[in-house]
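Trainee: Could you take one part of this model, the salt bridges, and go through it closely with me? I'd also like to hear what sits around them.

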Amino acid sequence: MRRSFLFTSDLIREQRKRGFFQRLAGILKESATLLGISIIAALVFNFVSPKGIAFFGPSRKIFLSGPNTPENREKGFFVEITDVEMAKRIFDSGTVLFVDARSDDAYREGHIKDAVSLPYGRFSEAIEGFKNRYPFTTSIVTYCSGISCRDSHELGKLLLMAGYENIRIFIGGYPAWEQRDYPSEGTN
Amino acid sequence: MAAILRGNRETIPVKERIKRVYYHPWVEFGIRWVLGVSFMFASYHKIVDPESFARAIYSYDLFPEFTINIMAAILPYLELISGLALILGAYYRGAAALIGWMLIAFIISVSINLIRGHEFDCGCFSVGKSSLEEFVELYLLRDAMLWCFALYVLFFSGKRKWCIQKIG
């Protein structure tokens, strides 16, 4: 009697266990199917969409970048300075104007030495003065507060539309510059 | 009639009433749709502007660079397809499980950045907004709630309304 009771409970336990694993397998299968569909959809739409991004490589590759050719400039592509040391070498050459795209307050607190403030948010009111001071042939490097900030790119686009030809974006921005203790100015 | 209802109400224990609500097909339907619509809505701006979403993932400062683009490209479609599956009632358990994992990943990422006081762009329902402009704690609360919804849909064992798939 005791034996058969044990056997029955074992059987129930076994059935429950099997039911659990079956359900788990079902959920995993469904998840895998949905994931597969999503990957295919992402591949297809990313390929077709004009806003598609490169699948691999560092995130900065997705930003508007490319060789500094007239065709790319026409498309609104910029040359990106991805390396802080490269930015420093450009700074040291002394032939380039660094333009700060951040707010006036952020600029006052600290900016790359000799950089000019042209906040992206106040572009329309500030551009005339900027144009009077700097000719269209000026080599410009825009920057803002790091790779996750887009103002330097947006400012680059606006400057390109305003007529400036040689624009580069320093994507590390002021945080990367400050971290290396490169020449800075400001209240902080 | 009113007396019968009142009498019934008095005799049904609270536990039983909660059980009835929990197993009610329309409750499951409502929660499944809320979850599905939320995720479909959340995926929209990421699909339209994957670059900004990649930037938002980057600003979390948690993932290796080579994974960022692939995440930015696939995650929005995973959200869209999972949301659609929940609404249609097909592969809903798989969709609920996926959504549950996505929410856990998000809750952990936001919490880490909250603890270390790192400014980041949430990228949840809109991109390009800094976390300091809004209450991050509210994001966490909302996601914890959505996570409970996902678990409910995943483990619900009663009858489901408006499902293409009739098993489970």
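Mentor: Let's settle one term before we start: a helix here is a DSSP run of H or I covering at least four residues, and helices are numbered from the N terminus. Keep in mind too that this is a predicted model.

Over all chains, the structure holds 15 salt bridges. Start with A:K131 and A:E128, whose side chains meet in a salt bridge at 3.8 Å, N to O. Both sit in helix α5 (residues 123-133) of chain A, and because they are three residues apart there, about one helical turn separates them. How buried or exposed are the two ends? A:K131 is partly exposed, with a relative accessible area of 28%, and A:E128 is partly exposed as well, at 46%.

Now hop over to chain B for another pair within a helix. B:R32 forms a salt bridge with B:E28, and their closest N and O atoms are 3.0 Å apart. These two residues lie in helix α3 of chain B, four residues apart, which is about one turn of the helix. The surroundings are another story: B:R32 counts as buried at 0% relative accessibility, and B:E28 counts as buried at 0% too. Salt bridges can also share partners, and that is how A:D104, A:R122 and A:E125 end up joined into one network.

Back in chain A, have a look at A:R102 and A:D100. They form a salt bridge with the closest N and O atoms 2.7 Å apart. Buried means under 20% relative accessible area, so A:R102 at 11% makes the cut, and so does A:D100 at 0%.

What lies around A:D100? Strand β2 of chain A covers residues 96-100, and β2 belongs to an open sheet of five strands in the order β1-β6-β5-β2-β4, with parallel pairing. The edge strands are β1 (79-81) and β4 (116-117) of chain A, and each of them pairs on one side only. Three bridges join β1(A) to β6 (residues 166-170) of chain A, and these strands run parallel. Inside that pairing, A:V79 stands opposite A:R168, while the bridge partner of A:I81 is A:F170. On β5(A), the pairing with β6(A) is parallel over four bridges, and A:S139 has A:N166 as its bridge partner. Helix α3 (residues 84-93) of chain A lies across β1, β2, β5 and β6 of chain A, running at about 125° to β2(A).

Next, the place where the chains meet. How many salt bridges are there between chain B and chain A? The count is one. Its partners are B:R93 and A:E30, whose side chains meet at 4.0 Å, N to O. The contact takes 30 residues from chain B and 29 residues from chain A. The area buried between the chains is about 2,900 Å², and carbon and sulfur atoms give 66% of that.

That brings us to the nonpolar side of things. The largest nonpolar core has 24 residues, and those with the most contacts inside it are A:L34, B:L35, B:F39, B:L86, B:I99 and B:V153. Helix α1 (2-48) of chain A, along with α3 (25-48), α5 (65-88), α6 (92-115) and α7 (136-155) of chain B, each supply at least two residues of this core. The biggest giver is α6(B), with eight residues. B:L35 makes a handy landmark: setting aside neighbours within four places in sequence, its contacts are B:L86, B:I99, B:L146, B:F149, B:A150 and B:V153. Another core lies apart from this one; it has 22 residues, including A:L97, A:I140, A:L160 and A:I169.

One last stop, close in sequence to B:R93, is B:Y91, which sits in the loop between α5 and α6 of chain B. Its phi is near 55°, a positive value in a residue other than glycine. B:Y91 is partly exposed, with a relative accessible area of 32%.

Note on methods
Residues numbered from 1 in each chain as written. Chains lettered and ligands numbered in written order. Predicted model: local features only at pLDDT ≥ 70, side-chain atom pairs only at ≥ 80, totals over all residues. Heavy atoms only, no water. Core = buried A, V, L, I, M, F, W, Y, C linked by side-chain atoms within 4.5 Å. Buried < 20%, exposed > 50% of the residue type's maximum accessible area, 1.4 Å probe, protein only. Contact = heavy atoms within 4.5 Å. Pairing = 2+ DSSP bridges. Axes fitted to C-alpha atoms, helices over the stretch in contact; angles between N-to-C directions. Buried area = accessible area lost by both parts, 1.4 Å probe.
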